[in-house]
Amino acid sequence: MKTAITIIADLVRSLVLGGLAVAGAVLALVLVSAATGYALWRLWHRARRRA
């Protein structure tokens, strides 16, 4: 039988790990978006310079 402290500790641990997973996914999405935006900006800038 789990004690109340163990149940609370498991809940806190799962919330922290879930929060870290969400934060990591959001950070990865931001980095990919920034890299894509920069690449598109470079292509647009290069095309404008040639025209």
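Partly exposed, as used in this note, means a relative accessible area between the buried limit of under 20% and the exposed limit of over 50%. Arg-13 is a good example: with a relative accessible area of 49%, Arg-13 is partly exposed, because exposed begins only over 50%. With that in hand, here are some points for a newcomer to this predicted model.

1. Start with the overall build. The chain has one helix and zero strands. That helix, H1, covers residues 4-50, and the chain itself counts 51 residues.

2. Next, look at the outline. Along the principal axes, the C-alpha atoms fill a box of roughly 75 × 10 × 5 Å. The radius of gyration is 22 Å, whereas a compact globule of 51 residues would have one near 10 Å. A pair of positions helps to picture this: Ile-5 and Arg-42 are 37 residues apart along the chain, and their C-alpha atoms are separated by 55 Å. Over a shorter stretch, Ala-21 and Leu-31 are ten residues apart in sequence, with 15 Å between their C-alpha atoms.

3. How much of the chain is buried? The share of residues that count as buried is 0%. The accessible surface comes to about 4,700 Å², and carbon and sulfur atoms account for 75% of that area.

4. Two nonpolar residues of the helix illustrate the point. Ile-5 is found in helix H1, and Ile-5 counts as exposed because its relative accessibility of 70% is over the 50% limit. Leu-31 lies in helix H1 too, and at a relative accessible area of 54% Leu-31 is likewise exposed.

5. A nonpolar patch deserves a look. Ile-8, Val-12, Val-16, Leu-17 and Leu-20 form this patch on the surface, and together they offer about 470 Å² of accessible area. One of its members, Leu-17, is part of helix H1. Is Leu-17 buried or exposed? Leu-17 has a relative accessible area of 51%, so it passes the limit of over 50% and is exposed.

6. Charge gathers elsewhere on the surface. Arg-42, Arg-46, Arg-49 and Arg-50 make up a patch of positive charge there. Among them, Arg-49 belongs to helix H1. Arg-49 counts as exposed, with 64% relative accessibility.

7. Now for the salt bridges, of which the structure holds two. In one, the side chains of Lys-2 and Asp-10 meet, at 2.9 Å from N to O. Lys-2 is exposed, with a relative accessible area of 54%. Asp-10, in contrast, counts as partly exposed at 25% relative accessibility, because that value lies between the 20% and 50% limits.

8. Which residue forms a salt bridge with Asp-10 besides Lys-2? That partner is Arg-13, and the closest N and O atoms of Asp-10 and Arg-13 are 2.9 Å apart. Asp-10 and Arg-13 both lie in helix H1, where they are three residues apart, about one turn of the helix. Through shared partners, the salt bridges join Lys-2, Asp-10 and Arg-13 into one network.

9. To recap for a first viewing, follow helix H1 over residues 4-50. On the way, find the salt-bridge network of Lys-2, Asp-10 and Arg-13, the nonpolar patch that includes Leu-17, and the positive patch that includes Arg-49.

Methods:
Residues numbered from 1 in each chain as written. Predicted model: local features only at pLDDT ≥ 70, side-chain atom pairs only at ≥ 80, totals over all residues. Heavy atoms only, no water. Patch = residues over 30% accessible without salt bridge, like charges linked within 9 Å, V, L, I, M, F, W, Y side chains within 5 Å. Areas by Shrake-Rupley, 256 points an atom, 1.4 Å probe, with all protein chains shown as cover. Salt bridge = Lys/Arg side-chain N within 4 Å of Asp/Glu carboxyl O. Lys, Arg positive; Asp, Glu negative; His and termini not counted. Charge placed at Lys NZ, Arg CZ, Asp CG, Glu CD. Helix = DSSP H or I, 4+ residues; strand = E, 2+ residues; numbered from the N terminus. Buried < 20%, exposed > 50% of the residue type's maximum accessible area, 1.4 Å probe, protein only. Rg over C-alpha atoms; globule rule 2.2 N^0.38 Å.
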